[in-house]
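This report walks through one protein model for a reader who has not seen it before. Please look over the sequence and the structure shown here before reading on.

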Amino acid sequence: MVDVVTDKSDKYKENLKINGLTSAAYHFSTILFAYFKVIIFTVITCFGFFITKAQEIQISAINLTLLYFCAGLATTHLALFLTNFFQSKELSADLGGFIFTILSFSYLAAAETGKNAWYYISMLFPQNSLSIALMSKEDNKIPLELVTIYVFLLIDSIMYLLLYFYLDEVLPDQFGVKKNWNYCVEGACAPKEEG
């Protein structure tokens, strides 16, 4: 998250636009680099589990690797989404960590109440989905299957990525006017010219 805010504060995107690069190329390179970091994180984390043969986690190696990878992608998209609200890299580092910590408390509310609705709400945040998946094998009170958690991670990932792209085009920054809030449908709703 700090890297993307640093790029914004150092005006990399605007310099690339001046030099003829499209914003799609900038987003592609940013997301590709973030995915590379997710893969490295997943390999290192799961390798540690496999080496220590962690017996307390009652989940298969393939599911564990896939779960960490999906949670990493969804968390990366959440972090990209949050970058739209920050201009300072220092502020993004401090508040980003605080936001992720606060979002984790919704899992505690779900675990305390034991109600399905709270579990579903808490799984809108990827780190909670990972916690629920890891704890569901140990705690019989969690009524969710692993497939449900994968579906929520997919929903989280798509939702936060689309919100990142949308807000990046709509929210104003120091370089001028952004697109209208309804720019996605302007072309579809515009009257067609007869020729």
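## Leucine 153

Leucine 153 counts as buried, because its relative accessibility is 1%, and the cut-off for that class is under 20%. The model in which this value was computed is a predicted one. Leucine 153 lies in helix 8, which covers residues 146-170.

If residues up to four places away in sequence are not counted, leucine 153 touches Leu67, Cys70, Ala71, Ala74, Pro126 and Ser129. A further relation across the sequence is that between leucine 153 and threonine 75, which are 78 residues apart in sequence, while their C-alpha atoms are 9.1 Å apart in space.

## The overall build

The protein chain has nine helices and zero strands, and read from the N terminus on, its elements run α-α-α-α-α-α-α-α-α. Of the 195 residues in the protein chain, 37% are buried. Among the contacts between residues at least 6 apart in sequence, 64% join residues that are at least 24 apart.

Turning to the outside, the protein chain exposes about 11,800 Å², and carbon and sulfur atoms supply 67% of that area.

## The nonpolar cores

In soluble globular proteins, nonpolar side chains tend to be buried together. In this model, the largest nonpolar core has 22 residues, and those with the most contacts inside it are Leu67, Ile132, Ile149 and Leu153. The elements that give two or more residues to this core are helix 4 (61-83), helix 5, helix 7 (126-136) and helix 8, and the largest share, six residues, comes from helix 4.

Leucine 67, one of the residues with the most contacts inside the largest core, is in contact with Ile59, Leu130, Ala133, Leu134, Ile149, Tyr150 and Leu153, leaving aside its neighbours within four places in sequence. A second, separate core has 14 residues, and Leu80, Phe86, Tyr160 and Leu167 are included in it.

## Two more buried residues of helix 8

Tyrosine 150 lies in helix 8, and it counts as buried because its relative accessibility is 17%, where the class requires a value under 20%. With residues up to four places away in sequence not counted, tyrosine 150 touches Asn63, Leu66, Leu67 and Cys70. Tyrosine 150 and leucine 66 are 84 residues apart in sequence, yet the distance from C-alpha to C-alpha is 9.0 Å.

Serine 157 also lies in helix 8, and with a relative accessible area of 11% it is buried. Which side chain is joined to that of serine 157 by a polar contact of 2.7 Å? The partner is histidine 77, whose side chain meets the side chain of serine 157 at that distance. Histidine 77 also appears among the residues that serine 157 touches, which are Leu73, Ala74 and His77 when residues up to four places away in sequence are not counted.

## Threonine 45

Threonine 45 is found in helix 3, which covers residues 23-52. Is threonine 45 buried or exposed? It is buried, because its relative accessible area is 18% and the limit for a buried residue is under 20%.

A polar atom in the side chain of threonine 45 lies 2.8 Å from the backbone oxygen of phenylalanine 41. Threonine 45 can also be related to threonine 65, which is 20 residues apart from it along the chain, with 8.6 Å separating the two C-alpha atoms.

## A nonpolar patch on the surface

Nonpolar side chains are also found on the surface, where Leu91, Leu95, Phe98, Ile102, Phe105 and Leu108 form a patch with about 550 Å² of accessible area together. One of these residues, leucine 95, has its place in helix 5, which covers residues 89-113.

Leucine 95 is partly exposed, because its relative accessible area is 34%, and partly exposed residues are those between the buried limit of under 20% and the exposed limit of over 50%. Helix 5 is thus named twice in this report, since it holds leucine 95 of the surface patch and is also among the elements that give two or more residues to the largest nonpolar core.

Key
Residues are numbered from 1 along each chain as its sequence is written. This is a predicted model: local features need pLDDT of at least 70, side-chain atom pairs count only at pLDDT 80 or more; totals for chains, interfaces and linings use all residues. Side-chain values use heavy atoms; hydrogens and water are left out. Patches are made of residues with over 30% relative accessible area and no salt bridge: like charges are joined within 9 Å, nonpolar side chains (Val, Leu, Ile, Met, Phe, Trp, Tyr) within 5 Å. Accessible areas come from the Shrake-Rupley method with a 1.4 Å probe; for residues, only the protein chains shown count as cover. A salt bridge is a side-chain nitrogen of Lys or Arg within 4 Å of a carboxyl oxygen of Asp or Glu. Helices (H or I, at least four residues) and strands (E, at least two) are DSSP runs, numbered from the N terminus. Buried means under 20% relative accessible area, exposed over 50%, partly exposed in between (1.4 Å probe, protein chains only). Contact means heavy atoms within 4.5 Å. A polar contact is a pair of N or O atoms within 3.5 Å; within protein, one must be able to donate a hydrogen and the other to accept it, and residues adjacent in sequence count only if both atoms are side-chain atoms. A nonpolar core is a set of buried Ala, Val, Leu, Ile, Met, Phe, Trp, Tyr and Cys residues joined through side-chain atoms within 4.5 Å.
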